[in-house]
Amino acid sequence: MGDPYILMLVALAILAIVDLVIGVSNDAVNFLNSAIGSKALSVRNIMIIASLGVFFGAVTSSGMMEVARKGIFNPNMFMFQDIMFIFMAVMITDILLLDIFNTLGMPTSTTVSIVFELLGAAVCISLIKISANEAQSFSDIWKYINHETALEIISGILLSVVVAFSVGAIVQFVSRLIYTFNFNKRATYISALFGGFAITAITYFIIIKGMKGTPFYSDVKHLIEGNTILIIAGSFLIWSVISQVLIKFFNVNILKLIIGIGTFSLAMAFSGNDLVNFVGVPIAALNSYQEFMKAKILVPELTADAFSMGILAKKVPSNVWLLLAAGGIMVVTLWTSSKAQNVIKTGIDLSRQGEGHEKFQPNPLSRVVVRFAMFLNTGISMVVPKKALTFIDAKFQKPVIELPKDKTYELPAFDMVRASVNLIVAGILISIATSMKLPLSTTYVTFMVAMGTSLADRAWGRESAVYRVAGVINVVGGWFLTAIIAFLAAALVAYLISWDMIMIPILLAVVAFLIGRNTLNHRKKSKEVKKQEFIERAELITINGVIEESADHISEVVNRVNKLYTNVVNDLTNHDLNKLRKTDKHVAKLNDEIDGLKDGVFYFIKSLDETSVQASRFYIMVLGYLQDVAQSISYISRASYKHVNNNHKNLKKAQITDLKEISAQLSTLLTKEATIFEKRDLDNLNGLLIEKTELLKNVSSSIEKQVARIRTDETSPKNTTLYFSILLETKDLIKALMNLLETYEEFHLSTKQVK
C-alpha cells in the first residue's frame, strides 16, 4: 500500500471541492438576497457582479487560514497523524451537515459548523491521547484546546446575532425617516449624501481593509495607516459629489448603483471570510504534510505519530493559485446550484414587505414574542408625544402602486432603500471582523441584518408577525443545532478514524452515498413541485383563465384522491401499518397544498379584471369543495391508520368485500371525472352526476347491512366504529364531489350563454 497520507490528501482535496459546492449553495443567500429581493438589477447582472466579488475576495482570504491551523487547538500538542485524523473528520462531517441543511432549504452558518467540528474532533483526539498517557488527567484538556481563542471566536459569533440585528434595525429606521417609501420624490442631494456615505463605507471597509490580507498591502501601508479619518472624510466628499453628478446629469438611480457595489463588496467579504471554512482545513493538511516530509528527509526513521505539528503555530502564506481555483469553483456553483435558490427563497420570504404564503408555522414562543412586542409598542406609544408618532407614521406610509393586472406578482419583496441598508451594514460588520482575523459568521450577520431591517421597516405586520418570528426562531434554532451536531458528529468520526484508518474509505463511501441520495431526492422533489400544477397559483385574470386553472386543480386532486382512497382500502385489508403511515403523509401533503391555495384567495381576487369578478365566487366555491374532499380522505386515512396502529381486530370479510366494491365503483367514477376535466369535455358532467347518485345509494346500503350485522353476529365495537366512519366520510366525499360538479356545470353553462 502507498503512503496513506497522500491518499488522505487526495481525499481532502476532493472533499474540499465538494464542500465548496455545498457550502456556497448555502451561503449564496448571504450576498444575493438583497439584490434579488429588491429586483434592482437583473438576475444575470447580479450573478456577474457577485462572481467578480467572489474572485476578489478569494485573493484576500489568506490571513483567515490561521483559524484552521491554530485558532481552535494548540498544534504543538498534536502529532502529524493526529492532525490528519482531525482534518479528515472535520471535512467529512462538514459536507454531510451542510448538505442536509441545503436539502431542507435552511440557511446555516458554515463558520459555526467548521469551528465546532474542529473543536469536537480536537477534543476527541485530545481525550484519546490523555487516556493513553498515565501522567495526564482530564484537566489537561486545556493544554490541547486553545480555549481562550476558541471562546473568543464563539463569543464573537453569538454577539454578532445581537449586534447585526440591532444595527440593522437602527440604520434602517433612520434611513426610512430620511427617505420614506417615496424615495423617488426626495431631493437629489439626499440621495447624493446617502450614496456618498454608502459607497465610502463600502470602499473603505471592503477595499482598504480587505487589502490587509494580500501581499500588496505592504506597498500602500504607509499611505493608509494613520490617515483613517482623512481617507474617510475625503472619500465621503468625493463620492457625494460623484453621486450628485450621476443623479443630476446622467439620471442614474444611485440606489441601484449602491446595490450593485454592495453586492460586489458583500460577495467579496463573504469569500474573504468564509473561504477558510471550505479550503482552510485541506490547505492546513497540505502544509502539515509538506513539513512532515521535510523532516522525514532529515530523519528517515521519523513516523507520523512522532512528529509534532508545532510548525502550524507559525504564519504560513497560502497559495494564491489555490485560493483563485477555490474562487472559480464557488462562482460556477453560484450559477448552477438549484439548492442555492431554495435557500435564498427562505431568506427573502422572511424579510419581504408584503403578505403572502408563509413557510413556517407559529409556535408558542413566537406567539409570546409577538404579544410582548405588541405590549411594548403600546407602552412606547403612551410615552412618546403624539406629534412625534404622527411624524414617524407619515414617513412609513407606503404608496399605492398601480400596476397592470398581469404584473401583480412581479413586485419586489422589498424596496431598494432596505436592500441598500442590508448590504451596507452587513458588508461593514463582516469586513471589520475579517480585518480583525475573526471568523464571523456571514450567515448570522446577513440574516440578522435582514431581519432587523424588515422589523424596523414594519414588514412584520399583525397578519404576518407570528409566522415571521417563528421562521427566525427556527433558523436561529437551527444554528445552535448546527453547533451541537457539528461537535458531536466530528468527535464521533474522529474516534472512528483513530480506531482504524480503514474507516476512512468506509466513511467516504457513506458520504458519497448520502450526498447522492440527497441530490436525487432534491431533483425528484423539484420535479414533483413542477408537476403539481395546482400548488402553483397562476395569475388568473379572466373567466377563461379561471375555468382552465380550476379544471387543472380538480383533475389533479381527483387523481390523487382516487389513488389515496384505493390505497387506504387495500392497506386496511392487509392490515399494513407502514403503508397506511405513508398514505397518511401523502394525504396530509394534499391538505397542506389545498390550504395554500385557499391562503392565496385574497391575491387571486385582486388579480381579476373588472369584467371577471363573478369568477371569484366560483373559484372560492371550487376550493371549498376540494378542501371538503381532502378533509374526508384525510379522516378516512387517519382513522384507518389509528385502528391498525392500536392493534385492533381486522375488518370482517363482509365489511372488506363491501369496501372494495365501493372503492372500485368510486375509482371508476373518479377516473372518468379526472379525464373529463383533463380533456375539458365539460358537456358530459350530467351523466357523471347520475352515476355518483347511484354510488351514494350503494354506500347507504352498506351502512344498513352493517346495522343488521350488529344485531346478529358483530362482536367488535372498534371495527364498527371504523367501518361506519369510513362509510360516512365516503358519503361526504361523494357529496362534495357532486356539489363541485354541479357548481362547475352551472358556471360553465353561464359562461357559454354569455358568449
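**Close-up 1. Helix α5 against helix α18 in this predicted model.** Here V112, S113, F116, E117, L119, G120, A121, V123, C124, I125 and I128 of α5 meet a set of α18 residues, including W479, F487, Y495 and S498. The residues of this contact divide into 16 nonpolar, four polar and one charged. Helix α5 spans residues 110-131 and helix α18 spans residues 465-499; they pack at an angle of about 35°, with axes 7 Å apart. Their crossing is right-handed.

**Close-up 2. The aromatic pair of Y5 and F80.** Ten aromatic pairs are counted in the model, and here we look at one of them. The rings of Y5 and F80 are tilted, with 5.0 Å from centre to centre and 55° between the planes. Because Y5 belongs to helix α1 (residues 4-38) and F80 to helix α4 (residues 80-104), the pair ties together parts 75 residues apart in sequence. Both Y5 and F80 are buried. Follow the ring pairs outward and you will find Y5, F80, Y289, F292 and F307 linked into a cluster.

**Close-up 3. The aromatic pair of F73 and F87.** This pair is also tilted, at 6.4 Å centre to centre and 50° between the planes. F73 sits in the loop between α3 (66-71) and α4, while F87 is in helix α4, 14 residues apart. F73 counts as buried because its relative accessibility is 0%, and F87 counts as buried because its relative accessibility is 0%.

**Close-up 4. Arginines over phenylalanine rings.** The charged end of R176 sits over the ring of F181, 3.8 Å from the ring centre. In the companion view, R458 lies over the face of F396, at 4.5 Å from the ring centre.

Key:
Residues are numbered from 1 along each chain as its sequence is written. This is a predicted model: local features need pLDDT of at least 70, side-chain atom pairs count only at pLDDT 80 or more; totals for chains, interfaces and linings use all residues. Side-chain values use heavy atoms; hydrogens and water are left out. Axes are lines fitted to C-alpha atoms, for helices over the stretch in contact, and angles run from 0 to 180 degrees between N-to-C directions. Helices (H or I, at least four residues) and strands (E, at least two) are DSSP runs, numbered from the N terminus. A crossing is left-handed if the near helix is turned anticlockwise from the far one by less than a right angle, and right-handed if clockwise. Contact means heavy atoms within 4.5 Å. Ala, Val, Leu, Ile, Met, Phe, Trp, Tyr, Cys and Pro count as nonpolar, Asp, Glu, Lys and Arg as charged, and the others, Gly among them, as polar. Rings of Phe, Tyr and Trp (its six-membered ring) pair if their centres lie within 6.5 Å; planes under 30 degrees apart count as stacked, over 60 as edge-to-face and the rest as tilted. Buried means under 20% relative accessible area, exposed over 50%, partly exposed in between (1.4 Å probe, protein chains only). A charge sits over a ring if NZ of Lys or CZ of Arg is within 6 Å of the ring centre and within 35 degrees of the ring normal.
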